[in-house]
Amino acid sequence: MSRKVLVAYATKMGATAGIAAAIGEELERGGHQVDVCEVDQVGSIEEYEAVVLGSAIYVKRWRPEAVRFLRKYREELRSRQVWLFHSGPVGPDKDQLQEMPGNVKRLAHRIGATPAMTFAGRLDPATAKGFIAKRLARSELSGDARDWELIRAWSSDIGAAIHAIESAPWQRGMDYRRHG
Ligand SMILES: Cc1cc2nc3c(=O)[nH]c(=O)nc-3n(C[C@H](O)[C@H](O)[C@H](O)COP(=O)(O)O)c2cc1C
């Protein structure tokens, strides 16, 4: 029987939560059982066979709670399928891929996760929090640049990959050793 997929996210102004919800819906459409949860609300990842983790980017950094999650669960994540994404670029640079911050890169490498997918973000005067964000939300950066089609396509690919590994578990080194 297929086990569950966790979609965990770290957000400040809600845009990344919306992306995580869309990922969850698409994975469910693909036949997976999914929990979508803010990273700080995750008490254990024991029941999940795959984890999708996403963070908003602020000043080229991931949200601290997302980094804490990677650090806390790094050993468990090594034996699971892990996909990372971050949400950030807005305005004229909305299509620009964002590098993973150094601390995230090092943790991703340890876990064996592929580089984070970049999704464009949202900077909206109605949801902006804090003086700087509110000011930027009234500049040329203003708007909701989230590309739902791209988000759904990426999620659908992930869903297919999880099914593929479920039906060929020897592709996952840790499982092979555990059961072998
Ligand atoms: C002060 C500030 C700094 C930001 N820095 C970056 C950045 O370095 N790279 C980036 O791609 N986006 C940056 N953004 C854009 C946000 O990441 C984007 O609005 C994102 O969708 C917010 O996600 P959230 O609503 O989940 O918090 C910044 C936004 C603000 C307000």
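This is a walk through a predicted model, starting at its largest pocket and moving outward to the residues around it.

Let us begin with the empty space. Rolling a probe the size of a water molecule over the atoms shows where empty space is left. Here the largest pocket has a volume of about 660 Å³. Its lining is made of 27 residues, and those closest to the centre are I57, Y58, V59, G88 and V90. Which elements give two or more residues to this lining? They are α1 (15-29), β3 (48-58), β7 (122-123) and α5 (131-136). By chemical type, the lining of the largest pocket divides into 14 nonpolar, 8 polar and 5 charged residues. If you are colouring the pocket by residue type, those are the counts to look for.

Now turn to the ligand. It is surrounded by 21 residues, and T11, T16, I57, Y58 and K60 are the closest. I57 and Y58 are thus named among the closest residues to the ligand, and they are also named among those closest to the centre of the largest pocket. Three polar contacts are worth displaying. A polar atom in the side chain of T11 is 2.5 Å from a ligand oxygen. The side chain of Y58 places an N or O atom 2.6 Å from an oxygen atom of the ligand. At R122 the backbone takes part: one of its polar atoms lies 2.7 Å from an oxygen atom of the ligand.

R122 deserves a second look. This residue belongs to strand β7, and with a relative accessible area of 19% it falls under the 20% limit and so counts as buried. Its C-alpha atom is 5.8 Å from that of A15, although 107 residues separate the two along the chain.

A15 takes us into α1, where it is one of the buried residues. How does the span of α1 compare with expectation? At 1.5 Å a residue, its 15 residues should cover 21 Å, and the end C-alpha atoms are 22 Å apart, so the two values agree. The buried residues of α1 are A15, T16, I19, A20, A22, I23, G24, E26 and L27. There is a simple geometric rule to keep in mind when reading such a list: an α-helix has 3.6 residues a turn, so residues three or four places apart point the same way. T16, in this buried set, is also among the residues closest to the ligand. After α1 comes G31, which has a positive phi near 95°.

Back at the pocket, follow the chain out of β3. A56 sits in this strand and is buried, since its relative accessible area is 5%. Between the C-alpha atoms of A56 and A113 there are 18 Å in space, and the two residues are 57 apart in sequence. Beyond β3, V59 lies in the loop that leads to β4 (61-62), and K60 is found in the loop between β3 and β4 as well. What is unusual about their backbones? Most residues other than glycine have a negative phi, and most peptide bonds are trans. V59, however, has a positive phi near 50°, and K60 has one of about 65° although it is not a glycine. Are these two residues buried or exposed? V59 counts as exposed because its relative accessibility is 77%, and K60 is exposed too, at 68%.

The loop between β2 (34-38) and β3 offers another case in V39. With a relative accessible area of 4%, V39 is buried. Its C-alpha atom is 16 Å from that of L107, which is 68 residues away in sequence.

Two further residues complete the tour. T118 lies in strand β6 (residues 117-119) and is buried, with a relative accessible area of 9%. Its side chain forms a 3.1 Å polar contact with the side chain of H86, and it also reaches the backbone nitrogen of Q98 at 3.0 Å. K134, in helix α5, is partly exposed, with a relative accessible area of 36%. A polar atom of the K134 side chain is 3.0 Å from the backbone oxygen of A128. Measuring from C-alpha to C-alpha in your viewer, you should find 20 Å between K134 and A10, which are 124 residues apart along the chain.

How values were computed. Residues numbered from 1 in each chain as written. Predicted model: local features only at pLDDT ≥ 70, side-chain atom pairs only at ≥ 80, totals over all residues. Heavy atoms only, no water. 1 Å grid on protein atoms, 1.4 Å probe; cavity = no way out; pocket = protein on both sides within 12 Å on 5 of 7 lines; lining within 4 Å. Points joined across faces, edges and corners; volume = space filled by probe spheres on them. Helix = DSSP H or I, 4+ residues; strand = E, 2+ residues; numbered from the N terminus. Nonpolar A, V, L, I, M, F, W, Y, C, P; charged D, E, K, R; others polar. Expected span 1.5 Å × (residues − 1). Buried < 20%, exposed > 50% of the residue type's maximum accessible area, 1.4 Å probe, protein only. Near = heavy atom within 4 Å. Polar contact = N/O pair within 3.5 Å; in protein donor to acceptor, adjacent residues only side chain to side chain.
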